[in-house]
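Here is a short set of exercises to work through with the model open beside you. Try each task before reading its solution.

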Amino acid sequence: MISKKLLSSVLLAVAYASLTSAFTNTEGSTHATHRTRHISREFKVEAYHPASTFETFEHGLDSDIVLDSRAPRNLNATALAFVQSRLGVDINSIAYRSGHTDGNQKFAYVRQSHNGIPFVNAVANVAWKDDKVVSFGSSFVKPKRVASSKPTISAKSVIAKAEAMFKGTYNNFPTGLEYLAREDGSVALVHTIQIQNEEVNSWYEVYVDAHSGEIVSVTDFVAEATYKVLPITKRTLPEGLETLVNPQDVLASPSGWHLSGGTTTTGNNVVSYKSSTTGTTSQSSAGQIFDYTYSAASAPATTENLNAARVNAFYVINTVHDFAYRYGFTESAFNFQNDNFGKGGNGNDAVKISVQDSGGTNNANFATPADGQAGQCRMYIWTYTTPNRDGSLENDIIVHEMTHGITNRMTGGGTGRCLQTTEAGGMGEGWSDALAEWTEQKSGTITDYVLGDYVTNNAKGIRTNPYSTSATTNPLRYSSVKTLTEVHRIGEVWANMLHNVYAALVGAHGWSATARTNPDGTEGNIVYLHLFLDALRLQPCNPTMVSARDAWIQADTNRYNGANKCLLWKAFASRGLGVGAASYVDSSAVPSGC
Ligand SMILES: [Ca+2]
Ligand SMILES: [Ca+2]
Ligand SMILES: [Ca+2]
Ligand SMILES: [Zn+2]
């Protein structure tokens with residue numbers, strides 16, 4: 001029995017190993033020549049770019065070609081002559097594209113051409129210094145076959161298809177007729193058609209085969225924003241920074257996370273800064289690339305660490321903005337944005353997050369004025385360790401703070417005045433812990449949860465007990481509130497109840513890995529977040545745990561026709577907030593029929 005089982009698992013391991021390496025090889029080998037563009041959920045295009053060669057000649061190429069190219073001719077003719085000679089191709093297969101001179105340097109760009117029609121993706125570039133060629137790049141191809149240069153279908157006839165597939169509109173930029181080198185060695189004749197969608201900030205140049213009508217490739221004009229951050233699901237810095245490309249959700253942030261053409265940690269939803277709101281981090285290289293690596297071995301204040309901290313804070317606040325938007329924290333529901341795109345609510349209130357704020361230590365906070373005034377978050381350095389640690393690298397702390405903004409805005413209609421009592425303020429802390437917990441799930445397995453464990457360098461984190469389904473691990477009940485006075489301690493009672501609600505919903509309905517961007521699923525973590533935000537809008541100003549529980553149950557009636565009524569009652573009742581619970585006297589009762 002044992003040996004048989006062992007054998008099968010070994011075989012499985014071998015099978016997996018070969019599968020993994022096969023995939024790795026395939027993927028790695030196409031990085032330089034391919035790009036899969038995910039246009040929509042149903043449609044993707046694999047764009048092919050012939051491999052490019054690149055030669056550099058240090059102080060310049062000493063050869064007959066160079067002597068030839070030094071002849072007093074214009075850049076155009078010089079470039080064509082060089083490329084013709086270097087590649088050994090017919091002069092008629094090269095077309096000059098552009099060039100310019102900068103001091104003692106010259107640059108020229110040419111394209112492969114056939115029957116007078118230029119190629120989209122077979123090009124070459126030459127650079128000179130002091131009239132000597134210093135570098136040469138080329139992606140020219142040797143085609144096996146070239147399509148006829150006379151189109152059989154018109155550009156006009158394929159625009160509607162391009163618009164439908166790329167979910168945008170033809171922008172009236174003149175269509176073009178070009179050749180496109182394909183991976184199989186053939187060369188297609190293509191119409192070039194620009195399709196834009198300003199609402200989602202997409203702008204494509206689509207290549208449609210002028211003989212078959214097939215969409216063969218695409219250029220994406222929109223630059224990818226890139227951030228090195230601690231992904232939102234990671235609980236502590238040692239889990240590792242990652243480079244995320246285009247993490248923004250364009251439904252929630254239609255202009256992306258930056259101001260138009262923006263190059264700093266300033267955007268429509270948040271400005272992440274130190275000392276003053278102009279103290280932002282600039283992109284590390286062009287194209288909205290924010291590649292700063294936090295080193296835990298160095299002090300938080302080093303330039304690289306400060307930049308990494310501002311980028312991570314920018315990323316986390318934006319990420320919460322985006323997924324909360326999907327669940328109802330929109331412009332008209334009093335969210336934090338400068339531009340509301342005409343969708344209601346008051347704008348000019350993007351979150352200001354002050355990173356490494358000098359006003360405190362070992363903490364963080366969030367001030368929520370009424371809709372239309374910016375939310376102000378302050379993140380402090382934590383001094384329990386050497387070097388000190390930065391709260392902006394502990395995602396649960398940032399999410400906790402941002403959630404104060406959500407709960408204060410969504411309770412009572414955006415006034416910021418409705419979580420002011422001790423009990424409501426305590427629940428505010430509880431919701432903040434609970435949403436931090438929600439973001440840091442990687443599967444549907446329910447585990448105990450702590451937060452603030454990284455900055456404190458303490459596995460127990462910053463709360464009294466882990467949030468847990470075990471009453472031994474976390475014995476807090478509704479009646480515990482009676483003897484508590486501090487809002488975070490009261491919040492622990494509420495957060496632990498919500499942990500149990502979450503566990504029950506995920507146990508009943510499963511767990512979705514795409515919950516942050518797909519709120520339409522039926523899984524338990526999606527149901528939970530809907531009820532979480534829906535209930536905020538229903539509950540009264542300065543709610544109690546009793547009225548907040550009732551808001552959850554009403555929210556379930558509103559959205560799910562009460563499908564989870566008994567589940568919710570049982571979860572709340574398991575911690576003393578059952579039918580008839582009042583004045584911090586527990587009840588384990590559930591309604592009849594449950
Ligand atoms: Ca893009
Ligand atoms: Ca943590
Ligand atoms: Ca607002
Ligand atoms: Zn708090």
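The exercises below go from the overall layout to two metal sites, a sheet and the nonpolar cores.

This is a predicted model, in which local features need pLDDT of at least 70, side-chain atom pairs count only at pLDDT 80 or more, and totals for chains, interfaces and linings use all residues. Residues are numbered from 1 along each chain as its sequence is written, chains are lettered from A and ligands numbered from 1 in the order in which they are written, and side-chain values use heavy atoms, with hydrogens and water left out.

**Exercise 1. Describe the overall layout of the protein.**

Step 1: Start with the outline, where the C-alpha atoms fill a box of roughly 95 × 65 × 50 Å along the principal axes.

Step 2: Count the elements. There are 12 helices and 22 strands, taken as DSSP runs (helices H or I, at least four residues; strands E, at least two) numbered from the N terminus.

Step 3: Mark the domains, whose bounds come from an automatic or database assignment: domain 1 (53-138), domain 2 (152-220), domain 3 (223-409) and domain 4 (419-594). The C-alpha centres of domain 2 and domain 4 lie 50 Å apart.

Step 4: Check burial. Of the 594 residues, 52% count as buried (under 20% relative accessible area; exposed is over 50%, partly exposed in between; 1.4 Å probe, protein chains only).

**Exercise 2. Find the protein donors of the calcium ion (ligand 3) and place them in the fold.**

Step 1: Donors are N, O and S atoms within 2.8 Å of the metal (3.2 Å for Na, K and Ca), and since water is not among the atoms, sites may look incomplete.

Step 2: At 2.2 to 2.8 Å from the ion you will find Asn335 (O), Asn346 (O), Asp349 (OD), Asp349 (OD) and Asp371 (OD).

Step 3: Asn335 sits in the loop between α5 (303-326) and β18 (351-354), and Asp371 in the loop between β19 (364-367) and β20 (376-379), so this pair ties together parts 36 residues apart in sequence.

Step 4: Both Asn335 and Asp371 are buried.

**Exercise 3. Do the same for the calcium ion (ligand 2).**

Step 1: Its protein donors are Arg235 (O), Glu394 (OE), Asp396 (OD), Asp396 (OD) and Asp453 (OD), at 2.1 to 3.0 Å.

Step 2: Along the chain they follow the spacing R-x158-E-x1-D-x56-D.

Step 3: Glu394 and Asp396 are buried.

**Exercise 4. Work out the sheet that holds β18 and β20.**

Step 1: Its 4 strands form an open, mixed sheet in the order β16-β18-β20-β19, where two strands pair if DSSP finds at least two bridges between them.

Step 2: β16 (270-273) and β19 are at the edges with a single partner strand each, so one side of each has no neighbour in the sheet.

Step 3: β18 and β20 pair in the parallel sense over 3 bridges.

Step 4: Lys352 stands opposite Gln376 in β20.

**Exercise 5. Identify the nonpolar cores.**

Step 1: A nonpolar core is a set of buried Ala, Val, Leu, Ile, Met, Phe, Trp, Tyr and Cys residues joined through side-chain atoms within 4.5 Å.

Step 2: The largest has 92 residues, of which Trp431, Trp494, Tyr528, Phe532, Met545 and Trp552 touch the most other members.

Step 3: The largest share of this core, 12 residues, comes from α5.

Step 4: At least three of its residues come from each of domain 3 (223-409) and domain 4 (419-594).

Step 5: Apart from it lies another core of 16 residues, including Leu75, Val83, Ile94 and Phe140.
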